[in-house]
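Please open the model in a viewer and keep the selection panel at hand. The tour below proceeds by selections, each followed by a description of what is found there.

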Amino acid sequence: MSWGHAWTVSLGGKEQRTVNPGPGGVEEAIDELSRLMQTGRKEEAEAAAHALQRQFPARGDVNQALALVLLKSGKHNHALKFAEIAAKAEPENAGYLVNLGRLYIEYEMIEEAQPALEKALRLDPSMYQAPWALGEFFRAAGNGERAIHYLKRALAAARPETRDDIQYSIADCASSLREIEEAERLFRELQTTERYRRRALADMASLRKHKTDSAMFETLQNEISNGTTPPRDRMNLHLALGRIHENSVEYTQAFDQFRQAKSWIQGKFDLAKFRSNVDSLVECYKPEVLRRFEGYGDPSDVPVFVVGMPRSGTTLTEQIIAAHPEGGGAGELRRISRMRQGLGDDDKNPARVFEGIANRGSDGCRKLAGMYVSLLKFLAPGAKRVVDKMPHNFVALGFIAILFPNARIVHCVRNPADNFISAFQNAMNAQHSYAYAPEDYARYYKEYLRLVNHWKELLPGRILDVSYEELTARPEEKVRQLLEFLDLPWDPACLRFHERGGMVKTFSRQQVREAVHQGSVAKWRNYEQQLQPLLEILKDEMA
């Protein structure tokens, strides 16, 4: 989420800052914080804000000032505490509530965000930031219809400099809901703005299957010929052109466009670092660790963790489960990663998390895990099983086994060559730099398999492999197997998941609107020449 104009309370100026003069010249001190931040003296501002908060720990304006200094310094994880104090101190301050609600959303505490944002809107119906925040809340929760409702309210009252941001969110919701004509209309309007022109063009190109004889192809080419195009926009334009070449059976040109797209992203894959992380996880997570922390987790059997390499079928699997009358989907949640980090986990020494678990104690850990279960229940009310489909949670399966001993784990598997091509032609960020070249992907894949095999040995019977190729070839058989693993009765609705509608927020938003098919199986053969480095490194895995 980009905060930009989202913050309604500033350190200086008149907007939404309610300051009651008090001892020690508090108002002047807060103004001084603003001056320090504006002149780039962030460390000095942070130290002064902390000192002011220690002097006046219960004042809303002081805590809000500290929260904003921390936010502007990129320390969002430290800001939440002080934003909460500010809202508690001045519960009728709509601006404080909006800021707090947005922080809750960033930390996926959306069960806490809604009450704060709803109250802010009741307090000041004219403040566009409140419906904007609510719109982003429902967008994050996957409720596109309600998101659009609030975003349109925000758009009607928004300041000119924020309107394009809000309209882009509306367009993205419409695209996720497969409201093609409406999404195209909104993206077309955004193309008249300098900020969103290229991004909206690339997004609009993805709504339909264009070919190289189309006007869209010509427009994209003309746009990309502009040498002043920002790197991120240029990446999106190259990806759009690559998909059009692929639609036109021009695979050499398509691969070249995908390769050019990746060249505009800053990120270099560090194999040694990932291998070291895998080594540490394999070394640290042993059966005795699970025995040591038995009883520290939440016993709920609601969570279902769907993991695997990105683009391996995790969204398809989630949609199948969510189509069941007793199933639900929560999308890709970052909460597990944040929980690990909060307990001291890091890539260099994963065992530090054990110290955090021990220090928090069994009661504290059960409470922490229970908050996550509450989030799942909030996102999918009444569901017996709720899916968190964050693919990269495959690195956290040992941690998940401790905190959620009765959770089901579904591991999605796909031919690695197909998996790579699917990742290569999408806007994977720098965290996925392993997917920028075939040889890097292959080496990463071998380490990923080594880790997953360790988890299977550590957690026998807890992990179900779901093969993308088998699922698309024999859907009813494999869905029945999946439901049996989840202890859910058979229901044919799971095979009609594409009829559910609703919002899909990942790159797979177009594919999961169709019934299960094999159109993407063995797609890698179209790029066999370009994939030789990957095929050579993974020849044993693909045998």
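A cavity is a set of grid points where a 1.4 Å probe fits but cannot get out, and its volume is the space filled by probe spheres set on the points. The model is predicted, and all values below are computed from it.

**First stop: the largest cavity**

Under this definition, the model holds two cavities of 30 Å³ or more. The largest cavity has a volume of about 60 Å³. To display its lining, select Thr 317, Ile 320, Leu 464, Asp 465, Val 466, Leu 471, Lys 478, Val 479, Gln 481 and Leu 482.

Next, colour helix H17 (314-322), strand E5 (463-467) and helix H24 (475-485), each of which supplies at least two residues of this lining. Which element provides the largest share of the lining? Helix H24 does, with four residues. Colouring the lining of the largest cavity by class should show six nonpolar, two polar and two charged residues.

**Second stop: the second largest pocket**

Move now to the second largest pocket, whose volume is about 680 Å³. Its lining comprises 18 residues, and those closest to the centre of the pocket are Leu 80, Tyr 107, Met 109, Arg 338 and Gly 342. Selecting these five residues is a convenient way to centre the view.

Then add helix H4 (76-89), helix H18 (335-342) and helix H19 (352-379); at least two lining residues of the second largest pocket come from each. Helix H4 gives the most, with six residues. What is the division of this lining by class? Eight residues are nonpolar, four are polar and six are charged.

**Third stop: a pair of packed helices**

Two packed helices are described by the angle between their axes and the distance between the axes. Select helix H21 (residues 416-424) together with helix H22 (residues 438-458): they pack at an angle of about 125°, and their axes lie 11 Å apart. Because of this angle, H21 is oblique to H22. The crossing in which H21 passes H22 is right-handed.

To inspect the contact, show the side chains of Pro 416, Asn 419 and Phe 420 on H21, and those of Pro 438, Tyr 441 and Tyr 445 on H22. By class, the contact of H21 with H22 has five nonpolar residues, one polar residue and no charged residues.

Conventions
Residues are numbered from 1 along each chain as its sequence is written. This is a predicted model: local features need pLDDT of at least 70, side-chain atom pairs count only at pLDDT 80 or more; totals for chains, interfaces and linings use all residues. Side-chain values use heavy atoms; hydrogens and water are left out. On a 1 Å grid over the protein atoms alone, a cavity is a set of points where a 1.4 Å probe fits but cannot get out, and a pocket is an open set with protein on both sides within 12 Å along at least five of seven lines; lining residues have an atom within 4 Å of a point. Ala, Val, Leu, Ile, Met, Phe, Trp, Tyr, Cys and Pro count as nonpolar, Asp, Glu, Lys and Arg as charged, and the others, Gly among them, as polar. Axes are lines fitted to C-alpha atoms, for helices over the stretch in contact, and angles run from 0 to 180 degrees between N-to-C directions. Angles under 35 degrees count as roughly parallel, over 145 as roughly antiparallel, 65 to 115 as roughly perpendicular and the rest as oblique. A crossing is left-handed if the near helix is turned anticlockwise from the far one by less than a right angle, and right-handed if clockwise. Contact means heavy atoms within 4.5 Å.
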